[in-house]
Amino acid sequence: MIRRRAARVLLLDGADRVLLLHGSDPAVPDDKWWITPGGGVEPGEDLESAALRELAEELGPFEVRLGPLVAYGTTAFSYQGQHFEQEQWFHLARTSRTDLGLSRSGEEEHATLLGVRWWTLAELRATDEVVYPAGLAGLLEHLFTAGPPDQPVRL
């Protein structure tokens, strides 16, 4: 089991839609899911720097306002035959750019990521597709009604 720390981003546009990345594990290509942008924190890197780096690696450079940490949790998953236990931290962020895509993503991201999509809260609540993190719709609803918490909430 590989243990790692990850910085993830709840990237919202002006209409409060959240950007999710469509992906699959190249070792199990029939299993598809939607995830928030983000990834592993490199040695010596803080969460904010990792979140911004991951956004640029996955979506290319664009203007983003990175806000506070709003949630955290742990997850276990397999990727290319390796088993991971991941402590993940979620930043809230905003952008006015809605034409984001994968054309500028790195080689590793091209092997995993299939597309991007902006989701409304109603679409998240109604979908039967796999979306990570579990409970994302409830977290977003809370953020939209109560604003960011004083301390990150546990997912």
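This report walks through the overall build of the protein, then one helix and two buried residues.

**Overall build**

The model is predicted. The protein holds four helices and nine strands. Read from the N terminus, the order is β-β-β-β-α-β-β-α-β-α-β-α-β.

The C-alpha trace spans about 40 × 30 × 30 Å along its principal axes. A compact globule of 155 residues would have a radius of gyration near 15 Å, and the protein agrees with that because its own value is 15 Å. Of the 155 residues, 44% count as buried. Among contacts with a separation of 6 or more, 67% join residues 24 or more positions apart.

**Surface and charge**

The accessible surface comes to about 8200 Å². Carbon and sulfur atoms account for 49% of that surface. The protein carries 14 positive and 24 negative side chains. The centres of these two sets lie 3 Å apart.

**Helix H4**

Helix H4 covers residues 136–146. Its buried residues are Leu136, Ala137, Leu139, Leu140 and Leu143. They lie on the same side of H4, because they cover an arc of only 160 degrees around the axis. An α-helix has 3.6 residues a turn, so residues three or four places apart point the same way. Thr145 and Ala146 sit on the other side of H4 and are exposed. Gly147 comes just after H4 and takes a positive phi of about 80 degrees.

**Two buried residues**

Thr36 and Leu11 are set out here.

| Residue | Place | Relative accessibility |
|---|---|---|
| Thr36 | loop between strand E3 (28–35) and strand E4 (38–40) | 0% |
| Leu11 | strand E1 (residues 2–12) | 0% |

Is Thr36 buried or exposed? Thr36 counts as buried, because its relative accessibility is 0%, and the cut-off for buried is under 20%. Neighbours within four places in sequence aside, Thr36 is in contact with Arg8, Val9, Leu10, Leu19, Leu20, Phe90, Tyr132, Pro133 and Leu136. Leu136 is also one of the buried residues of helix H4.

Leu11 counts as buried too, because its relative accessibility is also 0%. Which residues does Leu11 touch, not counting those up to four places away in sequence? They are Arg17, Val18, Leu19, Leu55, Leu59, Phe62, Val64, Ala93, Arg94, Thr95, Leu100 and Trp118. Take Val64 from that list. Leu11 and Val64 are 53 residues apart in sequence. In space, they are 8.5 Å apart, C-alpha to C-alpha. Leu19 is in contact with Thr36, and Leu11 touches Leu19 as well.

Definitions and conventions. Residues are numbered from 1 along each chain as its sequence is written. This is a predicted model: local features need pLDDT of at least 70, side-chain atom pairs count only at pLDDT 80 or more; totals for chains, interfaces and linings use all residues. Side-chain values use heavy atoms; hydrogens and water are left out. Helices (H or I, at least four residues) and strands (E, at least two) are DSSP runs, numbered from the N terminus. The radius of gyration is taken over C-alpha atoms; the globule rule is 2.2 Å times the number of residues to the power 0.38. Buried means under 20% relative accessible area, exposed over 50%, partly exposed in between (1.4 Å probe, protein chains only). Contact means heavy atoms within 4.5 Å. Accessible areas come from the Shrake-Rupley method with a 1.4 Å probe; for residues, only the protein chains shown count as cover. Lys and Arg count as positive and Asp and Glu as negative; His and the chain ends are not counted. The place of a charge is taken as NZ of Lys, CZ of Arg, CG of Asp or CD of Glu. The arc is that of the directions from the helix axis to the C-beta atoms.
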